[in-house]
Amino acid sequence: MMVPQEWIDVRIRAGIDAGELLAIVDDPAAQGAWEENGAVHLYWSADQWSERSVERLQAALRLLCPEADPAVTVERLPHQDWNRLWAQSVRPLRIGRRIIVRPSWEPVVLTPGDIEIVLDPKQAFGTGHHATTQLLMEWIEDVISGGERVLDVGTGSGILAMAALRLGARHAVGLDTDPVAIACARDYAQINELAEMFDLRCGTITEAIESARFDLLLANLDCQTLLQLSGELGHLVRTGARLLVSGLLVDQEAEIVDSFAKEDAFSAGCRERHGWLAMEFLAAESCEDSS
């Protein structure tokens, strides 16, 4: 007779996105994440919980909460239906003026002008709850006028690109180096009936831009990755694209501005929330025109 699997429930009290934490932990043994009453829960089967799991979790929390020491509780639990528990924890979310992000099992009544994105949490890579995602989605709402070609670098769940398409962009390319993220994003694109407009690729910027031009670039990444990609992103800005970046802490602004200035991409604005920063970069002539 098979003994029911026990689970490790790691509960973190912090204002962080469950899907983003799960992605940064990057532990194949982690079985899921969800949010409830201000706490994030991550789960491991008891036989796969290890010192390495603890190290991955601690490193992720240092990245997401650099100025805080969130309370962490570890509890052993009997087998439960995790999909049911996860489903109970997810609710529709309004972002900006018009964008609704909801799970498929939570229908909402849309008001005139609203758009919706259906996003069921999986081994998730951006569900819309984190400040960095919300900052960019609100900014996308302000800048999309219709017909844009969008490149989303580090697309994760594809939520940013899908928001741009729902708001009127003509076509989007989503890039990620993680094939699991691309597989999840393709599922979401199908669910939202955006697959024909949304080209998802596992690869690099160079491979994506060989024969393409873009009007809007989106990059919700960490500071180090943005610094590494500043040359390629700067090249696209010089061709006329508008670049929106996020995933930055407020005290990282100067370093990012200096790096992109070397690529003739100049800061044209920033927005801040809960210590996180989103920024806009334009080519020099675009900045002069706007002034």
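**Strands, helices and cores in the predicted model**

In E14, Ser267 has Phe281 as its bridge partner. This pair belongs to a predicted model. Eight bridges join strand E13, residues 265-273, to E14, and the two strands run antiparallel. Another of the pairs matches Phe266 with Leu282 of E14. E13 and E14 form a hairpin with two residues between the strands. In that hairpin, His274 takes a positive phi near 55°.

E14 also has a partner in strand E12, residues 242-249. Five bridges join E12 to E14, again in an antiparallel arrangement. Here Val245 is matched with Met279 of E14. How many of the residues of E14 are buried? Strand E14 spans residues 276-283, and eight of its eight residues are buried. The side chains can be sorted by direction. Trp276, Ala278, Glu280 and Leu282 point one way from E14. Leu277, Met279, Phe281 and Ala283 point the other way. Both sets are buried.

These strands belong to an open sheet of seven strands. Its order is E10-E9-E8-E11-E12-E14-E13, and the pairing is mixed. E10 and E13 are the edge strands, each pairing on one side only. Neighbouring strands of this sheet are turned by 15° against each other on average, direction ignored.

A further open sheet has three strands, in the order E5-E6-E7, also with mixed pairing. E5 and E7 stand at its edges with a single partner strand each, so one side of each is left without a neighbour in the sheet. The twist averages 25° from one strand to the next. Three bridges join E5 to E6, which run antiparallel. Within this pair, Ile95 stands opposite Ile99 in E6. Helix H5 packs on the sheet and touches E6 and E7. The direction of H5 makes about 150° with that of E7.

Why is H5 largely enclosed by the rest of the structure? Eight of the nine residues of H5 are buried, and the helix is therefore largely enclosed. The buried residues are Ile159, Leu160, Ala161, Met162, Ala163, Ala164, Leu165 and Leu167. Just after H5, Gly168 takes a positive phi of about 130°.

H5 also meets helix H4. The axes of H4 and H5 come within 10 Å and cross at roughly 20°. An angle under 35 degrees counts as roughly parallel, so H4 is roughly parallel to H5. H4 passes H5 in a right-handed crossing. On the H4 side, the contact is made by Thr133, Leu136, Met137, Ile140 and Glu141. On the H5 side, Ile159, Leu160, Ala163, Ala164 and Leu167 take part. An α-helix has 3.6 residues a turn, so residues three or four places apart point the same way.

Ile140 of H4 has further partners. Leaving aside neighbours within four places in sequence, Ile140 is in contact with Leu160, Ala164, Leu167, Leu218 and Leu244.

Ile140 also appears in the largest nonpolar core, which has 37 residues. Which residues have the most contacts inside this core? They are Ile99, Met137, Ile140, Phe198 and Leu244. Several elements each supply at least two residues of this core. Among the strands that do so are E5 (93-95), E6 (99-102), E7 (115-118), E10 (198-202) and E11 (216-220). Among the helices are H4 (131-143), H5 (159-167) and H6 (179-191). H5 gives the most to this core, with eight residues. A second, separate core has 28 residues. Its members include Leu175, Phe214, Leu221 and Leu229.

The protein as a whole can now be described. Its secondary structure comes to 10 helices and 14 strands. Of its 291 residues, 51% count as buried. Contacts between residues at least 6 apart in sequence were also examined. Among these contacts, 68% join residues at least 24 apart.

Definitions and conventions: Residues numbered from 1 in each chain as written. Predicted model: local features only at pLDDT ≥ 70, side-chain atom pairs only at ≥ 80, totals over all residues. Heavy atoms only, no water. Core = buried A, V, L, I, M, F, W, Y, C linked by side-chain atoms within 4.5 Å. Buried < 20%, exposed > 50% of the residue type's maximum accessible area, 1.4 Å probe, protein only. Helix = DSSP H or I, 4+ residues; strand = E, 2+ residues; numbered from the N terminus. Contact = heavy atoms within 4.5 Å. Pairing = 2+ DSSP bridges. Axes fitted to C-alpha atoms, helices over the stretch in contact; angles between N-to-C directions. Parallel < 35°, antiparallel > 145°, perpendicular 65-115°, else oblique. Left-handed = near helix turned anticlockwise from the far one by under 90°.
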